[in-house]
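Below are some short notes for a first look at this entry. Please read them with the structure open.

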Number of protein chains: 4
Amino acid sequence: MADDLQRQEIADARASAAETIRPTVPALEAMLFQAFPVLDHGFVRVIDYMGDDSAIVQAARVSYGRGTKRVQEDAGLIRYLMRHRHTTPFEMCDIKFHVKLPIFVARQWIRHRTASVNEYSARYSILDNEFYIPAPGNLAAQSATNRQGRGEVLDGAEAAEVLDLLRSDAERCYAHYAQMLNEGDDADPTRRGLARELARMNLTLNTYTQWYWKTNLHNLFHFLSLRADSHAQYEIRVYAETMLRITEAWVPIACAAFRDYRLGAVTLSAQMVAVLQRMLAGEAVTQETSGLNRREWTEFTACFPR
Amino acid sequence: MADDLQRQEIADARASAAETIRPTVPALEAMLFQAFPVLDHGFVRVIDYMGDDSAIVQAARVSYGRGTKRVQEDAGLIRYLMRHRHTTPFEMCDIKFHVKLPIFVARQWIRHRTASVNEYSARYSILDNEFYIPAPGNLAAQSATNRQGRGEVLDGAEAAEVLDLLRSDAERCYAHYAQMLNEGDDADPTRRGLARELARMNLTLNTYTQWYWKTNLHNLFHFLSLRADSHAQYEIRVYAETMLRITEAWVPIACAAFRDYRLGAVTLSAQMVAVLQRMLAGEAVTQETSGLNRREWTEFTACFPR
Amino acid sequence: MADDLQRQEIADARASAAETIRPTVPALEAMLFQAFPVLDHGFVRVIDYMGDDSAIVQAARVSYGRGTKRVQEDAGLIRYLMRHRHTTPFEMCDIKFHVKLPIFVARQWIRHRTASVNEYSARYSILDNEFYIPAPGNLAAQSATNRQGRGEVLDGAEAAEVLDLLRSDAERCYAHYAQMLNEGDDADPTRRGLARELARMNLTLNTYTQWYWKTNLHNLFHFLSLRADSHAQYEIRVYAETMLRITEAWVPIACAAFRDYRLGAVTLSAQMVAVLQRMLAGEAVTQETSGLNRREWTEFTACFPR
Amino acid sequence: MADDLQRQEIADARASAAETIRPTVPALEAMLFQAFPVLDHGFVRVIDYMGDDSAIVQAARVSYGRGTKRVQEDAGLIRYLMRHRHTTPFEMCDIKFHVKLPIFVARQWIRHRTASVNEYSARYSILDNEFYIPAPGNLAAQSATNRQGRGEVLDGAEAAEVLDLLRSDAERCYAHYAQMLNEGDDADPTRRGLARELARMNLTLNTYTQWYWKTNLHNLFHFLSLRADSHAQYEIRVYAETMLRITEAWVPIACAAFRDYRLGAVTLSAQMVAVLQRMLAGEAVTQETSGLNRREWTEFTACFPR
C-alpha cells in the first residue's frame with residue numbers, strides 16, 4: 001500500500017463536512033481519520049464516534065432533551081455513576097478505531113470479547129512486509145521475580161544479537177511467504193502459488209495486521225483499565241495510552257472520573273480495610289499481625305508505606 | 001410530564017446543528033429526535049446513530065478512505081455479505097432509540113441481550129398514569145389451533161366487557177399506587193408513603209415504561225427478523241415495523257438486502273430440498289412420500305403450493 | 001400446578017443416580033433439585049452444575065489432569081486470580097437454577113445479560129394465581145434521604161391499608177384475567193376467550209413467574225456482588241443470599257475469595273488513597289482539606305471513622 | 001511436556017468415578033478426557049459437560065422433573081425448536097473442550113466471541129517446539145476463481161519446496177526463540193535471557209498453542225454450522241468435524257435436528273422462492289428471466305440443477 005495514497009484518502013475524508021444535529025465533539029472531530037503513530041509501524045485512527053458526555057447524562061435520566069442542565073450538575077452525576085459502577089449509561093457512547101498492530105499484540109487485544117472487529121484477512125489478501133522490532137530501550141530481559149514480567153534492559157552484544165535474530169527471521173519468513181504465494185510482478189509463470197490461507201502460516205508473530213475495532217465507552221474503559229495499567233505488556237500499553245488521550249478529547253468529564261475512580265483507584269480486601277482501621281487507631285501492624293499473606297502485604301505496603 | 005415541555009425540548013434539540021466530518025445520512029437527520037407514535041401512548045424516537053451503508057463496505061475492506069468506490073459495486077458487496085451471513089461489518093453501524101412501551105412488551109423486547117438499555121426507574125421515580133388498551137380491531141380471541149396465537153376479533157358485548165375490565169383494573173391499580181406513595185400536591189401529611197420500589201408492584205403489566213435502547217445494525221436486523229415477522233405479537237410488531245421504516249431511511253442498501261435475504265427468505269431443511277428436487281423432476285410428491293411430518297408438510301406447502 | 005405432583009417429580013429426579021467421571025461436588029449434590037423457599041411463594045432450585053474449585057485451577061493452568069496439586073497451593077492460586085481480576089478461569093464453572101419470583105423482581109434480574117434464560121411463557125400458558133405480598137416487617141416507607149431507598153417500617157393502620165390494597169388489587173386483577181381467558185372447567189361455552197398474550201396485561205407486577213437461569217461462576221459472582229449487597233432491594237437480595245449459600249457449598253474456596261476480595265472489599269479513589277496516606281502520616285484531615293466532595297466524604301468516613 | 005506423563009494424568013482422571021444425580025450421558029462419559037488427534041500434533045479433548053437432550057426439553061417447558069415424557073414427543077419438540085430457531089433452550093447445555101491447535105487456526109476460532117477461553121500463556125510460559133506442516137494431500141494451490149479458496153493440490157518439486165520452506169523456517173524461528181530465552185539446562189549463565197513476552201514474537205503462525213474452550217450448545221451449533229461447512233478452511237474444519245462427532249454422542253436428538261435444519265439446510269432469498277414457484281408451475285426460467293444476478297444464479301442452480 002502506498003503511503004501517499006493513504007494520506008490522500010485520509011485528506012479526502014477529512015475534507016467532506018456535513019451538517020448534523022447529533023451530539024458533536026469539536027475536539028474529537030479535529031482528530032478524526034488521522035493516524036496516531038504507535039510502535040515502529042503501527043497506528044490508531046478514530047473513524048467514527050457516537051455520543052458525548054451529555055449523552056451519558058441523557059441516558060441516565062431517560063430524558064427528552066439534551067442531557068445538559070448545568071455543567072456542574074452533569075459532572076456530578078457522571079462522577080456518581082462511575083463511582084457506584086452504574087455502568088449502563090456509559091454504554092450509550094460508541095467509538096470506532098482503525099488500528100495497525102503486531103499479531104502477537106492483536107492476540108492479547110482480541111480477548112476483550114465485547115467489541116466488534118473486522119480484521120484484514122490474510123486468507124483473502126496478502127499481508128504487507130512490515131514487522132515489529134523493539135526499540136533498543138524496550139529490549140527487556142526476563143524478570144527474575146515475576147514470571148510474566150520484564151527485568152532490566154539488554155544492551156551491547158546481547159541486544160545486538162536479539163535484534164539481528166528478530167529482524168533476519170522476520171525478513172526471511174516474509175520472503176519465503178512471498179515466494180510460496182508466487183503472485184504479482186515477480187511471479188514465476190511456470191509455478192503455481194500456494195493458497196494464501198496456507199502461506200500465511202509461515203509469517204512470524206511480529207508481522208503487522210490491522211483491523212476496525214468498535215466498542216462502547218463502558219467496555220473501552222474496561223479495556224483501558226487493564227491495558228493502560230503499568231502491569232500491561234509495553235507493546236499493548238502504548239496503544240491503550242494513545243486511546244486514553246483520544247478518549248480525553250472525546251468525553252473529558254467521564255474520562256476524569258475514570259482516572260479518579262478506576263485507573264488510579266485501589267481495591268482493598270475486607271482484611272486490608274481492617275488493617276487500615278487498626279493503623280488509623282494507632283496500632284503498629286506488621287505482616288505477622290495483619291492476617292495478610294506475604295504477597296498481599298507487599299501489595300498493601302506498596303500503596304500505604306509505613 | 002407535560003407534552004408541551006417535551007415538544008419544546010425536542011424542537012430545541014433539533015434546532016442546534018453542527019458541522020461534522022463523520023458519515024451523515026440526511027434522510028435520517030430529518031427524522032432525529034421526533035416521536036413516531038406507536039400503539040395508544042407509545043413512541044419510537046431516534047436519538048443518535050453512527051455509520052451508514054458505506055461504513056459497512058469500509059469495514060469489510062478494512063480500508064483507509066470512505067467505503068464508496070462505485071455505488072453499484074458497494075451494493076453488490078453488501079448484498080454478498082448479507083447473503084453469506086458475513087455479519088461483522090454490519091456491527092460497525094449503531095443506532096440509539098428512545099422508546100415508550102407497555103411493560104409486557106418491554107419484557108419480550110429485553111430478551112434480546114446484545115443491546116444497551118437504560119430504563120426509566122420506578123424504584124427511583126414515579127411512573128405516569130398511562131396504560132395500553134387495545135384498539136377494538138386488535139382485541140383478538142385465543143387461537144383454537146395455535147397455543148401462542150390469536151384467532152378472530154372479539155366484538156359486541158364480549159369486546160365491551162374486556163375493554164371495561166382492562167381499563168377499570170388499570171385505573172384502579174394506578175390510583176392505589178398513587179395513594180400508597182402519598183406524594184405530591186395531594187399528599188396527606190399525616191401519613192407516610194410506601195417506598196416507591198414496593199408500590200410499583202401494584203401496577204398492571206400494560207402500564208407504560210420507557211427506555212433508551214442502543215444496538216448495532218447486525219443485532220437490529222436480528223431483532224427485526226423476529227419481531228417484524230407475522231408470527232410476532234401485534235403489540236411488539238408495530239414497534240418493529242416503525243423501526244424497520246427508520247432503518248430503511250438510514251441504510252437503504254443494507255435494508256433492501258435484509259428484506260431479500262432474511263425477512264422474505266425461506267430456509268429449507270435437507271429433506272425439503274430433496275422433495276423440491278423430486279418435484280422439479282416431475283414427481284408428484286405427497287406428505288406420505290415426502291418424508292416430512294405433518295407440521296413440516298403444512299409449512300412447506302404454504303410456501304410451495306401444489 | 002399441584003404441589004404434591006411437584007414434590008413427587010423432584011423426589012423422582014433425586015432418586016436416579018448415575019456414575020460419572022466428571023468433577024462432582026457431594027455438598028451440592030445433596031442440594032440438587034430441592035426448592036429453597038424465598039419470599040412468600042418463591043424458590044430457588046439448583047438443576048445442574050459443571051465444575052468445582054479444582055476446575056478453576058485446571059483452566060488457569062491449561063493442564064491435562066485434575067487441577068489439584070496440593071489443596072494449599074490451589075487455594076493460593078484461586079485467591080490470586082480473584083484478587084487480580086483474572087476472571088476467565090471462573091467462567092469455566094456453570095450453574096443452572098430454576099427460580100420462582102415476582103415479575104417486578106424478574107425485571108431487575110434480567111438486566112444481567114450474560115446468562116441464559118427460559119421463562120415460563122404467559123403467551124403460551126396460563127399463569128398461576130400467586131402473587132407477592134410483603135411480610136409486615138418489610139413494608140417500608142419511602143426513604144426521606146435516598147430517592148431509591150427505604151425508610152422506617154410502616155405499621156398499624158398504615159400497614160393494614162397497604163396490605164389490603166395490594167392483596168385486593170392482585171386478586172381482582174387475576175380474577176378478571178381468568179374471566180377474560182374463559183378457559184378450563186368454569187368456561188362459559190357461549191363466550192370466546194381473549195388471547196392469552198393479551199389477557200396477561202391485566203396482571204399486577206407482583207404476580208409470580210418462573211424461569212430457568214444459567215450462568216457461569218464469574219457472572220454469578222458479579223450478580224451476587226450487586227444483588228447480595230446491602231443497597232440491593234430486599235426482594236431480590238433474599239434470592240441472592242440463597243444463591244450465595246448454594247455457591248458456598250459448590251465452590252467453597254472461590255466463594256471465600258469472593259467474600260474477601262469482592263463482597264467485603266472497598267474501592268478507594270485516587271483522592272481517597274491520598275487522604276488515607278496523609279491520615280496515616282498523622283495529619284488530621286477534614287472534608288474541607290480532603291479534596292473529596294460531601295457525598296464522597298460521607299462514604300469515606302463510613303468506612304474509616306475518625 | 002512428556003507424552004507419557006500426559007497419558008498417565010488422563011488415565012488417572014478417567015479412573016476416579018463418582019455418583020451424581022445430574023443428567024449423565026454414558027456415550028460421552030466414555031469419551032471424556034481422551035485426546036482425539038487432529039492434524040499432525042493437535043487434539044480435541046472433552047473435559048466436562050452439563051445437560052443432555054432432555055435438559056433442552058426441560059428448559060423449554062420450564063418444568064420440575066426431568067424433561068422426558070415420551071422419547072417420541074421430546075424429539076418432536078427439539079426438532080420444532082431447532083426448525084423455528086427457538087434457540088434459548090439449547091443454551092442450557094454446556095461443553096468444555098481442551099484443544100491443541102496451530103496459532104493461525106486459533107486466530108480464526110477466537111472470532112467466535114460467545115465462549116469462555118483460557119489459553120496457554122506464552123507471556124508466562126515457554127511454548128513447545130511443535131508446529132503444523134500440512135500433509136502432502138492438503139498442500140493446495142491458490143484458487144483461480146475464489147480469492148479465499150483453494151485450487152488443486154501441489155505436487156512434485158513444487159510441494160517439496162513448500163514443505164521444505166515451512167519446516168526449515170519454523171525450526172529456525174523456534175531455535176532462535178529458545179536461544180533468545182536462554183533458559184533451561186542449556187542456558188548460558190553469562191548471558192541474560194530476553195523476556196518471554198518479547199521472545200514469542202519470533203515464532204511462526206503454525207506454532208501450536210492450546211486452550212480450554214467452553215461454550216453452550218446453541219453457540220457450539222453456530223460454530224459448527226460455519227466451521228464444519230465445506231467452505232471453511234480445511235485446518236479448522238477438521239477440528240469442527242471432530243467436535244461434531246462428539247456432539248452426536250452427547251445430544252443425538254438435537255444433533256440430528258441440527259443436521260437436518262441447519263447444516264444441510266438451504267436458505268432461499270425472496271427472489272429464489274419466486275423462481276422456484278415459477279419452475280414448479282412449469283415455466284422454464286433462465287438466469288436472464290430469473291431476476292437473480294450471476295453469482296446468485298450459480299448458487300441457486302448448484303442446489304436445484306435443471
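1. At 10% relative accessibility, A:F131 is classed as buried, because residues under 20% fall into that class. Note that the model is a predicted one.

2. Where does A:F131 sit in chain A? Its place is the loop that runs between β5 (116-119) and β6 (140-142).

3. The surroundings of A:F131 come from several stretches of the chain. Leaving aside residues up to four places away in sequence, A:F131 touches A:D40 and A:H41, then A:R167, A:A170 and A:E171, and also A:N206, A:T207 and A:Y208.

4. For orientation along the chain, A:A302 lies 171 residues from A:F131. The C-alpha atoms of these two residues are 38 Å apart.

5. Turning to the copies, a turn of 180° with a shift of 0.0 Å along the axis lays chain D on chain A, and the RMSD is 0.0 Å. The two chains are thus related as by a two-fold rotation axis. Both copies use the same surface, since 100% of the contact residues of chain D recur in chain A.

6. Which residue of chain D comes closest to that rotation axis? It is D:T204, with its C-alpha at 2.1 Å.

7. Chains B and C can be described in a similar way. Chain C is superposed on chain B by a rotation of 180° and 0.0 Å of shift along the axis, with an RMSD of 0.0 Å. Here too the same surface serves both copies: in chain B, 100% of the contact residues of chain C recur. Within chain C, the residue closest to the rotation axis is C:T204, at 2.1 Å (C-alpha).

Notes:
Residues are numbered from 1 along each chain as its sequence is written. Chains are lettered from A and ligands numbered from 1 in the order in which they are written. This is a predicted model: local features need pLDDT of at least 70, side-chain atom pairs count only at pLDDT 80 or more; totals for chains, interfaces and linings use all residues. Side-chain values use heavy atoms; hydrogens and water are left out. Copies are superposed by least squares on the C-alpha atoms of residues with pLDDT of at least 70 in both. Contact means heavy atoms within 4.5 Å. Helices (H or I, at least four residues) and strands (E, at least two) are DSSP runs, numbered from the N terminus. Buried means under 20% relative accessible area, exposed over 50%, partly exposed in between (1.4 Å probe, protein chains only).
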